[in-house]
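Visitor: Could you walk me through this protein? I would like to begin with one helix and then see what surrounds it.

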Amino acid sequence: MRLCFIVERVYRQDGMPLRVAEQLLDWGHEVDLLEPDATVAGLGEPAGRPYDAWVLKTVSEGPGLSLLEAAAATGVATINDVRAIRRVRDKAVAAAWARVHGLPSPTTWFVTHRRLLEQIPQSEYPLVVKPANGSRGRDVRLLLRRAEIDDLDLGDTGDCFLLAQRFVPNNGWDVKLYNTGSGIHAVRRPSPLGRRVGAPDRPIRVTEELRRLALEVGRLYGLDIYGVDVIGTERGWMVVDVNDFPSFGQIPGAPAVVAESILRIAGRAVAARPVSA
Ligand SMILES: Nc1ncnc2c1ncn2[C@@H]1O[C@H](COP(=O)(O)OP(=O)(O)OP(=O)(O)O)[C@@H](O)[C@H]1O
Ligand SMILES: [Mg+2]
């Protein structure tokens, strides 16, 4: 296979996705790394032999997604599918998609600036306020009552749009579900909003219910390699976040498994290509 990995600046030193690329090289595949911050990239005119697939682990507001979309426009397979990434990269779109497709998920409002939070009735509180383009738990805040709006510390959120979401009552643990493209894994992690902050992450057993939920999320969003954050409630699991291509911390052997998945997805796309005359 011939693959192009778009590597965003923050991932140049990171385990993922470079370890996946290294694994593919070890297996004898051709892998080019494209660093959008370091290389000018020709658009729509691939020099020489085209790639079988392009791979991206996105960062919010990074240049990689434009390049991946440009690659997809030439008909090449991408991992993940660019439309699926667009559905989750903006948490507003992801929240709407979850609700409209019947996934159990909290009521969510789109808020362009903090003053608008006053329009949400006190009866909807507590609220979780987070940046629509957030990741890594950045600037996720719990707002207990409207009187706290003025004091809300939005951190580095600056001018970006916000989501306000009904707080899902929980026992302080999140479950991070991961799909490597070949199997579902679950890790228990302390919620940044709860009393267990600082406790270590721990892999847990994937129940049939969790497995089905994870697969359903992938199917609904169109993702192959992804993560889902869920919270256990008295009425079952609630989905609070979906991410394309997570880092798979705590999942042993993830780079090799993800590499295999990429080969399989790319192989499927190659097999489906129309035969040129
Ligand atoms: N509506 C909610 N109700 C209860 N807890 C929430 C809610 N939304 C977010 N949280 C808590 O905050 C955490 C981080 O929120 P979210 O996943 O939306 O942000 P993130 O920036 O993507 O964080 P991460 O990268 O850690 O997943 C969740 O895993 C959960 O513990
Ligand atoms: Mg999350």
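Guide: Certainly. This is a predicted model. Helix α1, formed by residues 15-26, lies across β1, β2 and β3. The helix runs at about 155 degrees to β2.

Visitor: What is the order of the strands in the sheet of 4 strands?

Guide: The order is β2-β1-β3-β4 in an open sheet, and the pairing is parallel.

Visitor: Which strands stand at the edges?

Guide: Those are β2 (30-34) and β4 (77-79). Each has a single partner strand, so one side of each is left without a neighbour in the sheet. On average, neighbouring strands of this sheet are turned by 25 degrees against each other, direction ignored.

Visitor: How many bridges join β1 to β3?

Guide: There are 4 bridges between β1 (residues 2-6) and β3 (residues 53-56), and the two strands run parallel. Within this pair, Leu-3 stands opposite Ala-53 in β3.

Visitor: What else is Leu-3 in contact with?

Guide: Leaving aside neighbours within four places in sequence, the contacts of Leu-3 include Leu-24, Val-31, Tyr-51, Val-55 and Ala-266.

Visitor: Which residues have the most contacts inside the largest nonpolar core?

Guide: They are Leu-3, Ala-53, Trp-54 and Ile-262, in a core of 68 residues. Helix α6 (residues 254-272) gives the largest share of this core, with 7 residues. In soluble globular proteins, nonpolar side chains tend to be buried together.

Visitor: Changing topic, what does the domain assignment give?

Guide: It gives domain 1 (2-80 + 253-272), domain 2 (107-166) and domain 3 (170-244).

Visitor: What distance separates the centres of domain 1 and domain 3?

Guide: Taken over C-alpha atoms, the centres are 26 Å apart. The contact between these domains takes 9 residues from domain 1 and 8 residues from domain 3. On the domain 1 side, α6 supplies the largest share, 6 residues.

Visitor: And the whole protein: how many helices and strands are there?

Guide: The protein has 6 helices and 13 strands. Its C-alpha trace spans about 65 × 40 × 35 Å along the principal axes.

Visitor: How does the radius of gyration stand against that of a compact globule?

Guide: The protein has 20 Å, which agrees with the value near 19 Å for a compact globule with 277 residues.

Visitor: Lastly, what percentage of the residues is buried?

Guide: Buried residues make up 37% of the 277. Among contacts between residues at least 6 apart in sequence, 65% join residues at least 24 apart.

How values were computed:
Residues are numbered from 1 along each chain as its sequence is written. Chains are lettered from A and ligands numbered from 1 in the order in which they are written. This is a predicted model: local features need pLDDT of at least 70, side-chain atom pairs count only at pLDDT 80 or more; totals for chains, interfaces and linings use all residues. The radius of gyration is taken over C-alpha atoms; the globule rule is 2.2 Å times the number of residues to the power 0.38. A residue is buried if 20 or more other C-beta atoms lie within 10 Å of its own, exposed if 12 or fewer, and partly exposed in between; C-beta atoms are placed from the backbone. Two residues are in contact if their C-beta atoms, placed from the backbone, lie within 7 Å. A nonpolar core is a set of buried Ala, Val, Leu, Ile, Met, Phe, Trp, Tyr and Cys residues joined through C-beta atoms within 7 Å. Two strands pair if DSSP finds at least two bridges between them. Axes are lines fitted to C-alpha atoms, for helices over the stretch in contact, and angles run from 0 to 180 degrees between N-to-C directions. Domain bounds come from an automatic or database domain assignment.
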